[in-house]
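Subject: Structure for you to look at

Hello,

Here is the structure I promised to pass on. Please open it next to this email and follow along.

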Amino acid sequence: MAFLPGVFQATKKNGTKYYRSSITYRSRHISLGSYPTEQLAHQAYLEAKTLLECRQNYLPDNYNKEAFPQLSFSKWISLINFKNNGYYIKTPIYLWRNFFSYYLSPTDILLFDADDLFYYSKHSIMRRGNHLFVAEYGMQTNIRSRYGIKNFARPGIDFRFVNGDSNDFRYSNIEIINPYHGVTCTRTETAEPVYTAKIHVNGDYIIGKYRSAKEAAIAYNKAVDLLKEKGCKKNFEKNYLEHLNSQEYHAIYQSLPISEKLKQSRLFHR
């Protein structure tokens with residue numbers, strides 16, 4: 001049985017028939033999506049053909065749902081990127097000179113450096129509120145972790161987006177203020193910065209104040225070890241200090257004082 005151009009029939013596991021649309025452009029076979037009727041699938045093919053063969057070079061801001069009703073927005077971005085830049089990418093990416101835009105929607109746009117192109121061309125980004133993640137090995141991976149921003153990091157305290165745009169993930173726009181768990185830096189105009197280590201269990205406990213973020217991070221680890229010895233079952237994520245060998249780490253660990261209140265407390269026994 002012959003179908004309209006760009007259309008072929010497929011069958012779901014329950015036996016329901018549906019129609020897939022596709023087009024070949026510059027020797028590349030491109031799937032356009034699935035449709036409930038042959039006519040809608042053919043319409044998607046015609047829209048893609050018009051988009052790819054017209055003289056006008058559309059840009060992402062030119063998207064018009066009324067002109068291309070059967071092409072999804074993400075597929076429209078992939079097609080105009082292929083037409084204008086010569087690279088077909090399945091995810092909704094548009095290439096610029098030194099960076100690329102990733103379009104979650106016409107108004108929700110993420111920016112990345114070109115160095116990240118391979119990763120995001122293979123991983124689809126999803127958003128749930130302020131949480132941006134990709135599916136990786138059956139798990140949801142927070143994309144902020146790729147840039148040194150830890151889970152539960154506090155904006156303006158632990159990290160900041162230099163230009164104020166939290167959708168701009170270009171490396172020059174991300175400043176990691178504090179890479180460690182439980183550490184806060186207090187800065188004044190007249191004194192050296194002070195690093196405070198805190199831990200939360202039945203309320204916040206100040207572990208101590210230290211001269212460097214490194215010392216405060218190790219003090220936090222020391223407090224975690226103390227709480228576990230006292231029988232605390234809470235699962236704390238410890239700090240990893242990659243620039244210290246085991247001897248250097250142990251020497252600092254042993255020398256650091258931590259709160260006597262924390263040492264003497266019996267709140268943590270289970």
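**Strands, helices and rings**

Strand E7 and strand E8 (residues 131–136) pair in the antiparallel sense, over 4 bridges. Look for Arg-128: its bridge partner in E8 is His-131. Before you go on, keep in mind that this is a predicted model.

E7 and E8 belong to an open sheet of 3 strands. The order is E7-E8-E9, and the pairing is antiparallel. Strand E7 (125–128) and strand E9 are the edge strands, and each of them pairs on one side only. Neighbouring strands here are turned by 45° against each other on average, direction ignored.

**A second open sheet**

Now find E4, E5 and E6. They form an open sheet of 3 strands in the order E4-E5-E6, again with antiparallel pairing. Which strands stand at the edges? They are E4 (93–95) and E6 (109–113). Each has a single partner strand, so one side of each has no neighbour in the sheet. On average, neighbouring strands of this sheet are turned by 25° against each other, direction ignored.

Strand E5 (residues 99–103) pairs with E6 over 5 bridges, in the antiparallel sense. Within that pairing, Phe-100 has Phe-112 in E6 as its bridge partner. A helix joins the picture too. Helix H2 (residues 73–85) packs on the sheet and touches E4 and E5. The direction of H2 makes about 25° with that of E4.

**Hairpins and pairs of strands**

Go back towards the start of the chain. Strand E2 (residues 17–25) and strand E3 (residues 28–35) pair in the antiparallel sense over 7 bridges. One bridge to check is Arg-20, whose partner in E3 is Ser-34. The hairpin of E2 and E3 has 2 residues between the strands. Arg-26 takes a positive phi there, near 50°.

Further along, strand E12 (residues 183–186) pairs with strand E13 (residues 194–200) over 4 bridges, in the antiparallel sense. Val-183 stands opposite Ala-197 in E13. E13 also pairs with strand E14 (residues 204–210), in the antiparallel sense over 6 bridges. There, Ala-197 stands opposite Gly-208 in E14. So follow Ala-197 on screen: it faces Val-183 and also Gly-208. E13 and E14 form a hairpin with 3 residues between them. Asn-202 sits in the turn and has a positive phi of about 55°.

**Two helices that cross**

Two packed helices are described by the angle between their axes and the distance between the axes. Try this on helix H4 (residues 213–229) and helix H5 (residues 246–255). They pack at an angle of about 75°, with their axes 9 Å apart. That makes H4 roughly perpendicular to H5, because angles of 65 to 115 degrees count as such.

Which residues of H4 meet H5? They are Lys-214, Glu-215, Ile-218, Asn-221, Lys-222 and Asp-225. On the H5 side, they meet Tyr-249, Ile-252, Tyr-253 and Gln-254. By class, this contact has 4 nonpolar, 2 polar and 4 charged residues.

**Aromatic rings**

How many aromatic pairs does a search of the whole structure find? It finds 21. A pair of rings is described by the distance of the centres and the angle of the planes.

Start with Tyr-119 and Tyr-120. This pair is edge-to-face, at 5.0 Å centre to centre and 90° between the planes. Tyr-119 is buried, with a relative accessible area of 13%. Tyr-120 is buried as well, at 0%.

Next, take Tyr-147 and Tyr-171. Their pair is tilted, with 5.3 Å centre to centre and 55° between the planes. Tyr-147 lies in the loop between E9 (139–142) and strand E10 (159–161). Tyr-171 lies in the loop between E10 and strand E11 (174–176). The pair therefore ties together parts that are 24 residues apart in sequence. Buried or partly exposed: which is Tyr-147? Tyr-147 counts as buried, at 7% relative accessibility. Tyr-171 counts as partly exposed, at 39%.

Finally, one aromatic cluster takes in these four tyrosines: Tyr-119, Tyr-120, Tyr-147 and Tyr-171. Its other members are Phe-100, Phe-112, Phe-159, Phe-161 and Phe-169. You have met two of them already: Phe-100 and Phe-112 are the bridge partners in E5 and E6.

Best wishes

Note on methods
Residues are numbered from 1 along each chain as its sequence is written. This is a predicted model: local features need pLDDT of at least 70, side-chain atom pairs count only at pLDDT 80 or more; totals for chains, interfaces and linings use all residues. Side-chain values use heavy atoms; hydrogens and water are left out. Two strands pair if DSSP finds at least two bridges between them. Axes are lines fitted to C-alpha atoms, for helices over the stretch in contact, and angles run from 0 to 180 degrees between N-to-C directions. Contact means heavy atoms within 4.5 Å. Angles under 35 degrees count as roughly parallel, over 145 as roughly antiparallel, 65 to 115 as roughly perpendicular and the rest as oblique. Ala, Val, Leu, Ile, Met, Phe, Trp, Tyr, Cys and Pro count as nonpolar, Asp, Glu, Lys and Arg as charged, and the others, Gly among them, as polar. Rings of Phe, Tyr and Trp (its six-membered ring) pair if their centres lie within 6.5 Å; planes under 30 degrees apart count as stacked, over 60 as edge-to-face and the rest as tilted. Buried means under 20% relative accessible area, exposed over 50%, partly exposed in between (1.4 Å probe, protein chains only).
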